[in-house]
Amino acid sequence: MPSISNCRQQLQQKLFPQGIPRLWCPSLTHFSAAAQFDVQRIRAHVTAMSPWIGGLLVPGSTGEGWEMTDDDIEQLLEITFEIANSLNLPVLIGVLKTSTDNVMSGIQRLHQFSQHPRFAGFTVCPPQGEKLTQPEILAGLRTVFDTGYPIALYQLPQVTRNEVSRETVQWLAANYHNLILFKDTSGHDRVANSGVDLQGVFLVRGAEAGGYAPWLKEAGGPYDGFLLSTANVFAKELATMIQLAETGQIDEARALSTRLETLVQQTFDSVKSISAGNPFTNANKVLDHIRAYGESFHIQPAPLLYSGISLPWEPIAQGHERLKVWQQAPLTGYLNTL
């Protein structure tokens, strides 16, 4: 009988014949009004990223998945899978719910997308609750893994108010071959840094703080890749950094990583005072607006959140100045080049 790790490897190869992508993007969701998807902007944005990213998470926290209704999520996935199919991008479906029952209902509702050739699995968090014990967290997750669907486990204590321990992740990896990927956005990196044998589970880092290149295995870090909100804006730079590491150019990868970390931190700091939305969404919508429109960014309406609230102009103008310095050239905008 094949081992769990062999079964996992076979499933991963089936889902990702070219290998599991090392750079994933929890893509932004663009709106023309409150809860009204701007399909043309979504398509243009994903198309602009597509040469550099390996896959999408939709809807992730950056895509405002925690705020959306089930109907909206279903509509967004219909849009996304059509785009992803044309660009040959795998899609992880974010089932971002705070209880096991709601996760199960979400998976059941979105079952039809599991038949799509670009389907790469469901992404789930542990059940919410700061007082939950590890056995309680494990019991909830086992219910989800028992469905048999490919699962990416998402460590997000900012929302769940708890963390899955290294022992719990190790047990899941040893007993469920359908645990294909583990994403950690905690910034603590306890599971990855523990060195426990996860039998081929692909590890991706989602935290923006703490740099990028040093976390890659080529640089002595514990991660196989990244699933980063900033891939919405810096897909080319992040992909280049990974390629530098892959070819042994570690110093160059670290230098690019350091420059990028500084710019990202400045942008996140600039949106701290915005009470609506979340920092991952807001920081990336600020910079994506400039990436999309270039020097004409100021004559376009400010980007909208799911609620219909417009982001303020001050951080957008600040982002424009930072991107000009970063590129050391006039900003064209991908909407003008597609």
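Start by selecting Asp-184: the residue is buried, with a relative accessible area of 0%. Bear in mind that this is a predicted model.

**Around Asp-184**

Show strand E8, residues 179-184; Asp-184 is found in this strand. Now display side chains. That of Asp-184 makes a polar contact with the side chain of Ser-186, at 2.6 Å.

Next, add the residues that touch Asp-184 from beyond four places in sequence. These are Gln-155, Asp-189, Arg-190, Val-204, Arg-205, Gly-206, Ala-207 and Tyr-223.

For a sense of scale, pick Pro-135. Its C-alpha atom and that of Asp-184 are separated by 20 Å, with the two positions 49 residues apart along the chain.

**On to strand E5**

Select residues 91-94, strand E5. Val-91 and Ile-93 point one way, Leu-92 and Gly-94 the other, and all are buried. In a regular strand, side chains alternate between the two faces of the sheet.

**One partner: E4**

Add strand E4, residues 55-58. E4 and E5 run parallel, joined by 3 bridges. Zoom in on Leu-57, which stands opposite Leu-92 in E5. Then trace the connection: from E4, the chain passes through helix H3 (residues 70-87) to reach E5, a right-handed β-α-β crossover.

**Another partner: E6**

Bring in strand E6, residues 119-124. E6 is parallel to E5, and 4 bridges join them. Find Gly-94 in E5; opposite stands Thr-123 in E6.

Finish with helix H4, residues 100-109. Together with E5 and E6, H4 makes a right-handed β-α-β unit.

Notes. Residues numbered from 1 in each chain as written. Predicted model: local features only at pLDDT ≥ 70, side-chain atom pairs only at ≥ 80, totals over all residues. Heavy atoms only, no water. Buried < 20%, exposed > 50% of the residue type's maximum accessible area, 1.4 Å probe, protein only. Helix = DSSP H or I, 4+ residues; strand = E, 2+ residues; numbered from the N terminus. Pairing = 2+ DSSP bridges. Right-handed = clockwise from strand over helix to strand, strands pointing away. Contact = heavy atoms within 4.5 Å. Polar contact = N/O pair within 3.5 Å; in protein donor to acceptor, adjacent residues only side chain to side chain.
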